[in-house]
Amino acid sequence: MKCTNKKQRVFQKTRKKKRKSGLFLGRLFFLAAFILVVCFAIFFFMENRISIAEYESGQYGKQIYKEDIPVDYLCVTSKNVENEAFVTEDDFHAAALFRLEQADVIYADDIHERLYPASTTKILTAYLAIKYGNLEDVVTVSENATGVPLDSSRAGLRTGDRLTLEDLLYGLLLPSGNDSAVAIAEHISGSESAFAELMNDEAYMLGATNSHFVNAHGYHNENHYTTAYDLYLILKECVKQDAFLKVISSNSYHTKITQKNGTYREVIWNQSNQYVNGGRTAPEGVMVIGGKTGTTDEAGACLVLYETDENAKPYISIIMGAASKPKLYDNMTKLISLVSIQ
């Protein structure tokens, strides 16, 4: 009996030791896993050069980026960035100059303020047309597309016209045709409302989380807005597309449109960007590739540009809400002159 009790005591002691050993190993494993997670988190934030405070600020954090757009290659600032070489009367709502390869903010003034974008909206429309459409697709222009407001910019399309999606891109970006914008929207998504949903989804994916779009052209609507910074994010993605660069750098475009009755009509669309059409001369050492204009009473005069310095290094410059087109181009010339002194 004593022998049996002794064996039981030895067995119980052995089981307790194994239990303690198992608990110790479990705790050790948990501690090691916790340390690994902490180290990974520290490495992630250090590698991407964005502090937790910045990430939570909402200016350029809490955003979903595509895998091929590393956060550390973005020009970021939550504050205004002054440049003593840029002297202006400040008669605009927002302005910015970004040096892309170095991810530098050369100048920034109210770049996160929500503003009406007017036809600079069409940069995103063009991006979606290239991403989701085939430029060789033949599009039939609907009555809805030709029914855009008469006081808006138009490419002169007619109901029943048949032309390619590439043609529509030129009609969208050169004469800034609202009719071309609607024709593109309907071709890509089936309706203007469905296309607006796509615009918002894609803008969010690009990190442009401070924007909301309700149409493809930028005709004024109180619920249609963006920021100078969001336009930078959108254009930054657009200029990766050769088709987009080809269009925005064109002085004019000539094409034949098949009309509803089967006959042809020749059209020539001219560039509205004065740096491309020769109306304005860029500062020495600056090459303006192209961009997008936009003007409404509510938005003021707006211009988004993609340019390079004398070493072919890329920049994006933006002015929104200038009091007039002459003042818009005066200020833009002063702004992009900073490119040559970087």
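A residue counts as buried when its relative accessible area is under 20%. S176, at 5%, is therefore buried. Keep that cut-off in mind, since burial comes up throughout this predicted model.

S176 has a second feature. Its phi is near 60°, a positive value in a residue other than glycine. The residue is found in the loop between helix 5 and helix 6. A103 offers a further case: its phi is positive, at about 55°, although A103 is not a glycine. This residue lies in the loop between strand 1 and strand 2.

Turn now to the open sheet. It is formed by 5 strands in the order 2-1-9-8-7, with antiparallel pairing. Strand 2 (104-109) and strand 7 (287-296) are the edge strands, and each of them pairs on one side only. Neighbouring strands of this sheet are turned against each other by 5° on average, direction ignored. At one end of the order, strand 7 pairs with strand 8 in the antiparallel sense over 9 bridges. There, K292 stands opposite V304 in strand 8.

Two helices lie across strands of this sheet. Helix 11 lies across strand 1, strand 2, strand 7, strand 8 and strand 9. It runs at about 150° to strand 9. Helix 8 lies across strand 1, strand 8 and strand 9, and runs at about 140° to strand 9.

How much of helix 8 is buried? In this helix, residues 228-238, 11 of its 11 residues are buried. Among them are the charged residues D230, K236 and E237. The buried residues of helix 8 pack against strand 1, strand 8 (300-308) and strand 9 (314-322), and also against helix 3 and helix 9.

Helix 3 is the next stop. It too is mostly covered, with 9 of its 11 residues buried. The buried set includes K122, T125, L128 and A129. These residues also take part in a helix-helix contact: K122, T125, L128, A129 and Y132 in helix 3 meet N178, A181, I184 and I188 in helix 6. By class, this contact has 6 nonpolar, 2 polar and 1 charged residues. Two packed helices are described by the angle between their axes and the distance between the axes. Here the axes of helix 3 (residues 122-132) and helix 6 (residues 178-189) come within 10 Å and cross at roughly 35°. The crossing is left-handed.

A hairpin comes next. Strand 5 (residues 252-258) and strand 6 pair in the antiparallel sense over 7 bridges. One facing pair is H254 and I268, the latter in strand 6. The two strands form a hairpin with 5 residues between them. In the turn, G262 has a positive phi of about 95°.

In a regular strand the side chains alternate between the two faces of the sheet. Strand 6 has one covered face and one uncovered face. R265, V267 and W269 make up the covered face. Y264, E266, I268 and N270 make up the uncovered one.

R265 leads to the charged pairs. Side chains of opposite charge can pair when their charged atoms come close. How many salt bridges does the structure hold? It holds 8.

One of them joins D161 and R265, with the closest N and O atoms 2.7 Å apart. This pair links distant parts of the chain, 104 residues apart: D161 is in the loop between helix 4 (143-146) and strand 4 (162-164), and R265 is in strand 6 (residues 264-270). Both D161 and R265 are buried.

E166 forms another salt bridge, with K246, the closest N and O atoms being 3.9 Å apart. Distant parts of the chain are again linked: E166 lies in helix 5 (residues 165-173) and K246 in helix 9 (residues 242-248), 80 residues apart. E166 is partly exposed, with a relative accessible area of 27%.

K327 forms a salt bridge with D91, and their closest N and O atoms are 3.8 Å apart. Why does this pair tie together parts that are 236 residues apart in sequence? Because K327 lies in helix 11 (residues 325-336), while D91 lies in the loop between helix 2 (52-56) and strand 1 (94-99). K327 counts as partly exposed, at 36% relative accessibility. D91, at 18%, counts as buried.

Notes:
Residues numbered from 1 in each chain as written. Predicted model: local features only at pLDDT ≥ 70, side-chain atom pairs only at ≥ 80, totals over all residues. Heavy atoms only, no water. Axes fitted to C-alpha atoms, helices over the stretch in contact; angles between N-to-C directions. Helix = DSSP H or I, 4+ residues; strand = E, 2+ residues; numbered from the N terminus. Left-handed = near helix turned anticlockwise from the far one by under 90°. Contact = heavy atoms within 4.5 Å. Salt bridge = Lys/Arg side-chain N within 4 Å of Asp/Glu carboxyl O. Buried < 20%, exposed > 50% of the residue type's maximum accessible area, 1.4 Å probe, protein only. Pairing = 2+ DSSP bridges.
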